[in-house]
Amino acid sequence: MSGSSGALGGFGLLPPLPQSRAAWLGAAGALALAALLGAAVWRWAGRRAGGSRLQRVGTVSGLFVYPVKSCRGVALGRAEVTALGLRSGEMRDRFWLLINEDGHMVTARQEPRLVLISVNSENGYLTLNAPEMKELRVPGKLSRKNPVHSCRLFGLDIQGRDCGDEAAQWFATFLNTQSYRLVHFEPHMVPRKSRDIFTTFRSTDEIAYPDCSPAMILSEASLEDLNTRMEKKVKMQNFRPNIVVTGCSAYEEDSWNKIQIGNVQMKGTMACPRCILTTIDPETGIIDRKEPLETLKSYRLCDPSERHLYKSHPWFGWYYGIDKTGTLQVGDPVYKIVH
């Protein structure tokens with residue numbers, strides 16, 4: 001023991017073990033001083049350039065990417081965060097979209113059974129499965145011969161390459177409805193500007209087919225609080241977050257402003273205004289049109305001064321823009337950047 005202590009002491013890590021009471025007291029004082037210095041160094045290291053520091057506010061408990069808009073999310077252990085949102089290999093968040101013959105988006109708002117379609121990725125193909133349907137395999141890289149459609153989402157135009165007749169027929173069969181086309185957003189295509197939908201976003205915030213934001217964060221505590229008010233409990237899947245956080249209080253995610261997870265930095269932009277999509281049961285695909293929306297409206301409506309922005313939509317979850325790309329994983333601490 002004494003040999004190892006002396007060795008560590010030789011590297012300046014620990015003083016050698018003393019032989020007398022006085023020496024013990026001196027050593028204790030030295031260790032206390034070292035602890036104070038260490039704490040000071042830790043606090044200094046926690047500060048970034050510009051005088052800001054990191055304050056832990058929670059832990060990532062879930063990561064989700066939704067490759068096909070309105071279809072089931074894919075739970076991830078680790079994700080790359082790009083300027084356009086979360087990514088895992090070929091699967092990028094809302095990079096596939098169903099459109100009608102006029103190019104307008106088709107979501108679970110019109111076709112609730114879309115939430116029953118599970119999505120995955122395998123050997124360069126996007127794979128889709130649904131009840132009583134044969135698996136659909138869509139190439140991640142489409143032929144240049146496939147036409148490019150002009151698509152319409154929330155009044156904004158964006159391109160998408162057609163995924164072919166087989167995919168169109170698969171959706172028509174499962175939904176038992178008119179023929180829709182599945183399209184894919186490709187890297188060379190021009191993304192939509194979040195700011196063109198809500199002015200609270202920055203000019204740098206861009207998206208493919210999400211409603212308006214590259215990322216949405218929701219805490220487990222917020223869902224738990226909502227469920228204390230609900231007769232029939234709802235699930236996290238009703239709200240389709242990208243990042244789920246535990247270890248914070250309910251609705252704390254509304255106030256974080258700037259955060260860091262792993263080496264990723266994000267900026268809070270606005271609340272997620274909720275619509276009837278939240279009333280679709282993710283297990284049955286049946287739309288209720290009332291709950292949990294009515295309960296949320298009873299206590300999560302905006303201040304009258306922000307009604308021009310949110311109208312009658314209640315808040316649940318918070319939208320974030322991407323300041324610094326990188327990677328994050330389940331179990332990562334969530335830090336608020338404090339100035």
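Which residue in β5 does valine 81 stand opposite? It is leucine 86, and the pair makes a handy way into this predicted model.

**The β4 neighbourhood**

Valine 81 and leucine 86 face each other across two antiparallel strands, β4 and β5 (residues 85-88), which are joined by three bridges. With two residues between them, β4 and β5 form a hairpin. There's another partner to look at, too: β4 (residues 78-82) runs antiparallel to β22 (residues 326-329), and four bridges hold that pairing together. If you want a spot to start tracing it, arginine 78 sits opposite glutamine 329 in β22. As a bit of background, strands of a sheet pair through backbone hydrogen bonds, and they do so either parallel or antiparallel.

**Stepping back to the whole chain**

The chain has six helices and 23 strands. Of its 339 residues, 47% are buried. Take the contacts between residues at least 6 apart in sequence, and 67% of them join residues at least 24 apart.

**A three-stranded sheet and the helix on it**

Now for β9, β10 and β11, which make an open sheet in that order, with antiparallel pairing. The edges belong to β9 (118-122) and β11 (136-139); each has a single partner strand, so one side of each has no neighbour in the sheet. Going from strand to neighbouring strand, the average turn is 25°, direction ignored. β10 (residues 125-129) pairs with β11 over four bridges in the antiparallel sense, and tyrosine 125 has proline 139 as its bridge partner in β11.

Helix α3 (residues 165-175) packs on this sheet, where it touches β10 and β11, and its direction makes about 145° with that of β11. Which residues of α3 are buried? They are Ala167, Ala168, Trp170, Phe171, Ala172, Phe174 and Leu175. The cover over them includes β10 and β11, along with β7 (96-99) and β14 (181-184). In general, an α-helix has 3.6 residues a turn, so residues three or four places apart point the same way. Just after α3 comes asparagine 176, with a positive phi of about 50°.

Helix α4 (residues 220-228) can be read in a similar way. Its buried residues are Ala221, Ser222, Leu223, Asp225, Leu226 and Asn227. Among the elements covering them are β17, α5 (293-297) and β21 (315-324).

**The largest pocket**

What is the volume of the largest pocket? About 610 Å³. Its lining runs to 29 residues, and the ones nearest the centre are Arg109, Asp211, Pro273, Cys275 and Tyr319. By class, that lining splits into 15 nonpolar, six polar and eight charged residues. β17 (215-219), β20 (264-273) and α6 (307-310) each supply at least two of the lining residues.

Strand β20 is also home to threonine 269. Is threonine 269 buried or exposed? Its relative accessibility is 12%, so threonine 269 counts as buried, the cut-off being under 20%. Leaving aside neighbours within four places in sequence, threonine 269 is in contact with Thr200, Phe201, Arg202, Asp205, Trp318, Tyr319, Tyr320 and Gly321. Tyr319 turns up here and also near the pocket's centre.

**Backbone oddities in the loops**

A couple of arginines are worth a click. Each has a positive phi without being a glycine, and each is buried. Here they are side by side:

| Residue | Phi | Loop | Relative accessibility |
|---|---|---|---|
| Arginine 94 | near 50° | between β6 (91-92) and β7 | 12% |
| Arginine 240 | about 55° | between α4 and β18 (243-246) | 10% |

Where is proline 292 found? Look in the loop between β20 and α5. Proline 292 is joined to glutamate 291 by a cis peptide bond, with omega about 10°. That loop leads on from β20, the strand that holds threonine 269 and supplies at least two residues to the pocket lining. At the other end of the loop is α5, part of the cover over the buried residues of α4.

Definitions and conventions. Residues numbered from 1 in each chain as written. Predicted model: local features only at pLDDT ≥ 70, side-chain atom pairs only at ≥ 80, totals over all residues. Heavy atoms only, no water. Pairing = 2+ DSSP bridges. Axes fitted to C-alpha atoms, helices over the stretch in contact; angles between N-to-C directions. Contact = heavy atoms within 4.5 Å. 1 Å grid on protein atoms, 1.4 Å probe; cavity = no way out; pocket = protein on both sides within 12 Å on 5 of 7 lines; lining within 4 Å. Points joined across faces, edges and corners; volume = space filled by probe spheres on them. Nonpolar A, V, L, I, M, F, W, Y, C, P; charged D, E, K, R; others polar. Buried < 20%, exposed > 50% of the residue type's maximum accessible area, 1.4 Å probe, protein only.
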